[in-house]
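Trainee: Could we go through this one together, slowly, before I write up my notes?

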Amino acid sequence: MAPNGYPAYDGATYPSRNVKNVQLYKNTGDTTCWYEYQNDSFLVHHMLDFGTNSKPVFYDFNGDGLMDIVVGTYGYFDSFLNPQYMATLAYYQNTGTATQPKYTEVTTDLDSFSRYGLLGLSQAFGDLNGDGKPDMLLGDLYGNLYYFQNEGTGGVSSYPSMTSASYFHITVNLFAAPFIYDVNGDSLPDLVIGCSDGTLSYYWNFGTKTNPQFSVDSVITNFGHVNVTPYGQAYGYSAPYIFKDNTGTLKLLVGSQSGTVYEYNINPSQLRNANDTFALIDSNYLGRSVGENATISIADINSDGLNEYLMGTATGGIMMYSDSLWDPGTVLSTNDIPQPKGQLYIYPNPAKDYFICTFDNTTFINPKTEVFNLLGQQLYPETQLTSGTIEVNSNNLSSGFYVVRITDAGKTYTGKVILSK
């Protein structure tokens with residue numbers, strides 16, 4: 001059993017548990033129902049779970065040239081707290097190589113950020129004071145910005161204390177989602193900030209490299225006339241990401257409450273005029289929805305010249321997509337989440353139109369493949385055996401959670417897959 005509720009900010013009567021929240025009770029009786037508690041993380045014990053509103057970003061935290069991952073959270077439920085959620089930052093170090101990334105959990109409370117008692121963290125990194133070290137801005141549930149100067153040495157980041165609790169007195173609507181980028185090309189980092197109403201605020205930096213200056217009097221509060229709030233709804237939860245594509249075009253991606261990522265072109269001549277509108281290129285940049293409250297971060301983490309897309313979502317997990325089909329040997333993993341014995345390895349996962357089933361070094365010979373939904377109903381997708389691995393055509397299956405069972409040579413293998421259409 002699991003709770004069916006939302007954090008208090010969404011109007012829930014009572015806060016609900018958002019981690020370790022799928023409890024399994026096994027019927028151990030012979031002729032009568034006698035249920036015994038087994039664990040509190042059924043089906044999700046091997047997944048990364050950050051509770052509610054995960055915000056993962058690629059960031060080289062330790063300065064070794066490999067992209068690490070830092071994840072912001074709304075807050076983990078704790079019945080002893082008031083309010084009953086504790087927001088933290090989690091840090092996963094890339095302990096692999098430039099072509100074979102591997103992620104190891106270092107901490108789920110980076111620099112003890114839980115001590116600040118904030119909620120709804122959204123982090124952004126960039127050198128704001130010109131010392132060559134990326135500083136950090138945190139946006140929170142209430143629309144505030146908190147500045148942390150990077151005090152690290154030798155390329156390793158460190159944010160031991162809060163430098164400013166109200167960065168240039170900037171506030172936006174609920175759920176501030178900052179992004180640091182030199183938007184106007186003057187070599188000074190600017191701020192673009194998303195929020196719950198689905199719009200963006202643009203603060204241009206009119207200071208110097210070592211002395212940034214932002215003003216609440218010069219902000220463009222409807223930047224590019226971007227608004228990702230779905231028609232008929234009150235919230236959009238915009239989360240910006242800005243980069244230049246391989247043609248040099250300045251791109252603006254905006255995660256949204258609907259779960260999709262919007263794509264816009266930024267025209268440099270339209271940055272100071274509040275009446276200008278950015279061209280909407282695509283309202284579903286990745287061709288799929290990750291649920292609600294999507295966020296996005298981009299990097300090439302395996303040095304193949306193609307991008308990987310790191311996605312956050314309201315349900316607290318993280319998802320990764322890529323412009324290339326990774327080799328099975330290039331699998332993201334965390335040291336503290338071992339592969340369960342006797343369980344299939346299924347990739348890509350989440351999947352869309354197909355997924356591949358393998359098991360360690362086993363080569364399937366004459367397998368029987370069965371696919372079940374969570375109601376226990378068996379489905380019959382097309383399968384194909386190729387070079388000892390099984391490819392399942394999931395094009396006609398709906399989005400959701402499925403169990404896969406394969407029987408071959410007298411042995412049975414089971415696994416789970418999520419389909420996201």
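**Rings, sheets and a core**

Trainee: Let's start with Phe113: buried or exposed?

Mentor: Phe113 has 1% relative accessibility, so it counts as buried. Please keep in mind throughout that this is a predicted model.

Trainee: And Tyr116, how does that one count?

Mentor: Tyr116 counts as partly exposed, because its relative accessibility is 22% and the buried class ends under 20%.

Trainee: How many aromatic pairs are there?

Mentor: The count comes to 27 aromatic pairs. Among them is the pair of Phe113 and Tyr116, which is tilted, with 5.7 Å from centre to centre and 50° between the planes.

Trainee: What about Tyr167 and Phe214, why is that pair called tilted?

Mentor: Their ring centres are 6.0 Å apart and their planes stand at 55°, so the pair of Tyr167 and Phe214 is tilted. This pair also links distant parts of the chain, since Tyr167 sits in the loop between strand E11 (145-148) and strand E12 (177-181), while Phe214 sits in the loop between strand E14 (200-203) and strand E15 (239-244), 47 residues apart. Tyr167 and Phe214 are both buried.

Trainee: Which residues make up an aromatic cluster?

Mentor: Tyr59, Phe61, Tyr91, Phe125 and Tyr159 together form one aromatic cluster.

Trainee: Switching topic: how many helices and strands does the chain have?

Mentor: The secondary structure comes to zero helices and 29 strands. One open sheet has four strands in the order E3-E4-E7-E8, and the pairing is antiparallel. Strand E3 (55-59) and strand E8 (103-107) are at the edges with a single partner strand each, so one side of each has no neighbour in the sheet. On average, neighbouring strands in this sheet are turned by 25° against each other, ignoring direction.

Trainee: How many bridges join E3 and E4?

Mentor: E3 and strand E4 (residues 68-72) pair over five bridges in the antiparallel sense, and Pro56 stands opposite Val71 in E4.

Trainee: What other open sheet of four strands should I look at?

Mentor: Look at the open sheet with the order E25-E24-E28-E29, which has antiparallel pairing. Its edge strands are strand E25 (378-379) and strand E29 (411-419), and each of them pairs on one side only. Strand E24 (residues 368-373) and strand E28 (residues 400-408) run antiparallel and are joined by six bridges; Thr369, for instance, has Ile406 in E28 as its bridge partner.

Trainee: Now the inside: which residues touch the most other members in the largest nonpolar core?

Mentor: That core has 32 residues, and Phe223, Leu252, Ile296 and Met311 touch the most other members. Two or more residues come from each of E14, E15, strand E16 (250-255), strand E17 (261-265), strand E19 (295-299), strand E20 (308-312) and strand E21 (318-322). E16 gives the most to this core, with four residues.

Trainee: What does Met311 touch?

Mentor: Leaving out residues up to four places away in sequence, the residues that Met311 touches include Pro56, Val261, Leu286, Ile296, Met319 and Tyr321. As general background, nonpolar side chains tend to be buried together in soluble globular proteins.

Trainee: How much of the whole chain is buried?

Mentor: Buried residues make up 47% of the 421 residues. The chain exposes about 20100 Å², and carbon and sulfur atoms supply 49% of that area.

Trainee: One more topic: where are the cis peptide bonds around Pro348 and Pro350?

Mentor: A cis peptide bond joins Tyr347 and Pro348, with omega about -10°, and the bond from Asn349 to Pro350 is also cis, with omega near 10°. Pro348 lies in the loop between strand E22 (345-347) and strand E23 (354-358), and Pro350 is placed in the loop between E22 and E23 as well.

Trainee: And which residues have a positive phi although they are not glycine?

Mentor: Phe168 has a phi of about 50°, and His225 has one of about 55°. They are worth noting because most residues other than glycine have a negative phi. Phe168 is in the loop between E11 and E12 and is partly exposed, with a relative accessible area of 24%. His225 is in the loop between E14 and E15, and at 38% relative accessibility His225 also counts as partly exposed.

Technical notes
Residues are numbered from 1 along each chain as its sequence is written. This is a predicted model: local features need pLDDT of at least 70, side-chain atom pairs count only at pLDDT 80 or more; totals for chains, interfaces and linings use all residues. Side-chain values use heavy atoms; hydrogens and water are left out. Rings of Phe, Tyr and Trp (its six-membered ring) pair if their centres lie within 6.5 Å; planes under 30 degrees apart count as stacked, over 60 as edge-to-face and the rest as tilted. Buried means under 20% relative accessible area, exposed over 50%, partly exposed in between (1.4 Å probe, protein chains only). Two strands pair if DSSP finds at least two bridges between them. Axes are lines fitted to C-alpha atoms, for helices over the stretch in contact, and angles run from 0 to 180 degrees between N-to-C directions. A nonpolar core is a set of buried Ala, Val, Leu, Ile, Met, Phe, Trp, Tyr and Cys residues joined through side-chain atoms within 4.5 Å. Contact means heavy atoms within 4.5 Å. Accessible areas come from the Shrake-Rupley method with a 1.4 Å probe; for residues, only the protein chains shown count as cover.
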